[in-house]
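Here is a short report on one protein chain. Keep the sequence and the structure in view while reading.

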Amino acid sequence: MRNLRWLAALPFIGVLVGPFFLNRVEPFVLGLPLLLAWLVFCVLGTSAIMALIYFTDPENRAPEDRR
């Protein structure tokens, strides 16, 4: 599980490092400038990565309380 939690750093690194390499207007991606599209994909990627970490966490697989 520890190795999977390192995935949470990928969007953070993408937001910090991406603008240095992608700071240009063209090409357009889905009608957005390249940098803005990159940041949107980083936000969406964060949600996907957090969902992956949540579903693979063994603590979330505990049996439910049945009353």
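## The Tyr54–Phe55 pair

Tyr54 is partly exposed. Its relative accessible area is 47%, which falls between the 20% limit for buried and the 50% limit for exposed. Phe55 is exposed, at 59%. That value is over the 50% cut-off, so Phe55 counts as exposed. This is a predicted model, and the values here are computed from it.

The chain has one aromatic pair. Tyr54 and Phe55 form it, with ring centres 5.4 Å apart and planes at 70 degrees. How is the pair classed, stacked or edge-to-face? It is edge-to-face, because the planes are over 60 degrees apart.

## Overall layout

The chain holds three helices and two strands. Along the sequence, the order is α-α-β-β-α. There are 67 residues, and 16% of them count as buried.

About 5800 Å² of the chain is exposed. Carbon and sulfur atoms supply 67% of that area. What share of the contacts between residues at least 6 apart in sequence joins residues at least 24 apart? The share is 57%.

## Helix α3

Helix α3 runs over residues 34–56 and has 23 residues. From first C-alpha to last, helix α3 reaches 32 Å. The expected span is 33 Å at 1.5 Å a residue, and the model comes close to it.

Which residues of α3 are buried? They are Leu34, Leu35, Ala37, Cys42, Ile49 and Ile53. Two of these, Leu35 and Cys42, come up again below as partners of helix α2 residues in C-alpha distances.

## Helix α2: a nonpolar patch

Helix α2 covers residues 9–22. Phe12 is found there. So is Leu16. Both belong to a nonpolar surface patch, together with Ile13, Val17, Phe20 and Phe21. The patch has about 690 Å² of accessible area in total.

Phe12 has a relative accessible area of 55%, so it counts as exposed. Leu16 is at 46% and counts as partly exposed. Both values are over 30%, the cut-off for joining a patch. Phe12 is 30 residues from Cys42 in sequence, yet their C-alpha atoms are 8.1 Å apart. Leu16 and Leu39 are separated by 23 residues in sequence and by 9.8 Å in space, C-alpha to C-alpha.

## Helix α2: a buried glycine

Gly18 also lies in helix α2. Is Gly18 buried or exposed? Gly18 is buried, because its relative accessible area of 7% is under the 20% cut-off.

Which residues does Gly18 touch, leaving out those up to four places away in sequence? They are Ile13 and Trp38. Ile13 is one of the patch residues. Gly18 and Leu35 are 17 residues apart in sequence, and their C-alpha atoms are 7.8 Å apart. Leu35 is buried in α3.

## The loop between the strands

Strand β1 spans 28–29 and strand β2 spans 32–33. Leu30 lies in the loop between them. Phi of Leu30 is near 55 degrees. That is a positive value in a residue other than glycine.

How accessible is Leu30, buried or exposed? Leu30 is exposed, with a relative accessible area of 76%. Its value is over the 50% cut-off, so the label follows directly.

## Points to check in the viewer

- Find Tyr54 and Phe55 and look at the edge-to-face rings.
- Find Phe12 and Leu16 among the patch residues.
- Find Gly18 beside its contacts Ile13 and Trp38.
- Find Leu30 in the loop between β1 and β2.

Technical notes: Residues numbered from 1 in each chain as written. Predicted model: local features only at pLDDT ≥ 70, side-chain atom pairs only at ≥ 80, totals over all residues. Heavy atoms only, no water. Helix = DSSP H or I, 4+ residues; strand = E, 2+ residues; numbered from the N terminus. Buried < 20%, exposed > 50% of the residue type's maximum accessible area, 1.4 Å probe, protein only. Contact = heavy atoms within 4.5 Å. Areas by Shrake-Rupley, 256 points an atom, 1.4 Å probe, with all protein chains shown as cover. Phe/Tyr/Trp six-rings, centres within 6.5 Å; stacked < 30°, edge-to-face > 60°. Patch = residues over 30% accessible without salt bridge, like charges linked within 9 Å, V, L, I, M, F, W, Y side chains within 5 Å. Salt bridge = Lys/Arg side-chain N within 4 Å of Asp/Glu carboxyl O. Expected span 1.5 Å × (residues − 1).
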